[in-house]
Amino acid sequence: MSKQKAPRITNMWSKIVDEEKGEWLTKVVLESTKPYKHGARNADGRVIFEGEGVILNMPGGTTEVNDGLLRELIVKQNGKKTVSVEMMLEHPAEFRLTDLKGFPFRVEIALNRSSITKLFSGKKIVIDPGHGGEDTGGKGPVSLQEKDVVIPIAKKLENILRRVNADVVLTRNGDENITREKRFALVKQTGADVYIGVHNRSCDDSNEDGVATLYAPANKQSAILARYVQEGLVNKLKAADRGTAEQAELAAIGGVPAIEAEVLTITNLVEEVFLRGLTVQKRAAEGIFNGLIKYFAQNGANSKGDYS
Ligand SMILES: [Zn+2]
């Protein structure tokens with residue numbers, strides 16, 4: 001009978017929240033039947049939450065988040081009545097704990113995402129929706145055109161990057177004809193830090209699926225950027241990893257790190273359906289963004305942006 005009375009953690013979720021005060025947070029929320037004693041601390045790139053006198057009444061284990069700050073959540077019942085939640089972070093972050101009374105009782109762990117904003121301070125990013133106007137790009141087995149996918153993904157990426165105050169230049173505003181030469185020339189004209197082309201893969205074999213990222217040949221920074229973006233896309237889209245490869249035409253951009261993200265394979269019947277979906281388009285933009293976070297976190301000091 002006393003066992004029935006112990007508080008139980010019944011649910012857990014996380015989301016990115018824009019607070020009215022201008023704070024940008026990842027919130028992790030733990031729902032329980034009743035209040036219990038708890039605390040949290042920073043340790044080795046993690047925030048560790050511990051609840052005492054509480055029972056885990058939901059599946060434990062690892063949940064992937066990949067929101068650019070919070071990589072994953074690991075929930076465990078440690079001993080009879082201690083529950084731990086490890087928040088594995090990509091970067092150090094401050095946090096605060098808030099109790100929200102009511103039923104269910106909720107503990108909210110708010111992780112501050114401002115370290116991400118700092119990474120993009122002074123960064124100029126050219127986003128190139130790779131097709132538009134008469135250049136429709138690849139075509140899906142049903143009828144989807146590449147230009148109708150890459151333009152919305154590029155706009156979603158633009159919105160995410162504006163949120164972190166990056167300086168974003170789009171090579172086309174919509175379904176317009178603009179030559180590749182003009183789009184590439186914008187990189188030099190604007191003094192961009194990186195060039196991100198948005199594309200889909202096309203294959204003769206309609207069974208082929210997955211994500212690939214291409215990079216400017218003989219450019220080490222481009223290869224690194226491609227690797228991070230590829231990782232970001234594969235993690236976000238849960239798609240087959242077709243790796244990174246050189247793309248000779250990107251050499252025309254010059255020394256600026258340049259990549260083409262090939263977001264899923266439009267010639268594959270299943271992925272054509274995915275690419276029509278707004279959720280998948282949003283995830284693709286987030287995957288590219290996560291790659292950029294990692295790139296600027298590791299290579300920011302080498303780039304011409306202001307790093308102090
Ligand atoms: Zn393309």
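How many Å separate the centres of domain 1 and domain 2, taken over C-alpha atoms? I would like to start there, and the answer is 33 Å. Please keep in mind that this is a predicted model, with a mean pLDDT of 94 for the protein and 96% of its residues at 70 or more.

Let me first set out the overall arrangement. Domain 1 covers residues 2-116, while domain 2 covers residues 120-301, and the contact between them takes 5 residues from domain 1 and 7 residues from domain 2. The C-alpha atoms of the protein fill a box of roughly 75 × 50 × 35 Å along the principal axes, and the secondary structure comes to 7 helices and 16 strands. Of the 308 residues in the protein, 41% are buried. If we take the contacts with a separation of 6 or more, 71% of them are accounted for by residues 24 or more positions apart.

Let me turn now to a sheet. Here 5 strands form an open sheet with antiparallel pairing, and the order across it is β3-β4-β8-β7-β6. The edges are taken by β3, residues 37-43, and β6, residues 61-64, and because each has a single partner strand, one side of each is left without a neighbour in the sheet. On average, and ignoring direction, neighbouring strands of this sheet are turned by 15° against each other.

We can walk through the pairings one at a time, beginning with β4, residues 46-52, and β8, residues 82-89, which pair in the antiparallel sense over 7 bridges. Gly51 has Val83 of β8 as its bridge partner. On the β7 side, 8 bridges join β7 to β8, again running antiparallel, and there the bridge partner of Gln77 is Val83 in β8. So that you can place Val83 in the picture, this residue of β8 is a bridge partner of Gly51 and also of Gln77. The hairpin of β7 and β8 has 3 residues between the strands, and in this hairpin Gly79 takes a positive phi near 70°.

Moving on to the edge strand β6, we find 4 bridges joining β6 to β7, residues 70-78, with the two strands running antiparallel. In this pairing Glu64 stands opposite Glu72 in β7. These two strands also form a hairpin, this time with 5 residues between them, and Asn66 in the turn has a positive phi of about 50°.

Let me now move to a helix. Helix α3 spans residues 147-163, which is 17 residues, and reaches 25 Å from its first C-alpha to its last, close to the 24 Å expected at 1.5 Å a residue. Which residues of α3 are buried? They are Lys147, Val149, Val150, Ile151, Ile153, Ala154, Lys156, Leu157, Ile160 and Leu161. As general background, an α-helix has 3.6 residues a turn, so residues three or four places apart point the same way. The buried residues of α3 pack against several strands, namely β11 (124-129), β12 (167-170), β13 (194-201) and β16 (258-265), and against the helices α6 (269-276) and α7 (278-299). Just after α3, Asn165 takes a positive phi of about 65°.

I will end with a word of caution about one stretch. Over residues 303-308 the pLDDT stays under 50, and for these residues the model has 10 contacts beyond four places in sequence.

Key:
Residues are numbered from 1 along each chain as its sequence is written. This is a predicted model: local features need pLDDT of at least 70, side-chain atom pairs count only at pLDDT 80 or more; totals for chains, interfaces and linings use all residues. pLDDT is the predictor's confidence in each residue, from 0 to 100. Two residues are in contact if their C-beta atoms, placed from the backbone, lie within 7 Å. The expected span of a helix is 1.5 Å times one less than its number of residues. A residue is buried if 20 or more other C-beta atoms lie within 10 Å of its own, exposed if 12 or fewer, and partly exposed in between; C-beta atoms are placed from the backbone. Two strands pair if DSSP finds at least two bridges between them. Axes are lines fitted to C-alpha atoms, for helices over the stretch in contact, and angles run from 0 to 180 degrees between N-to-C directions. Domain bounds come from an automatic or database domain assignment.
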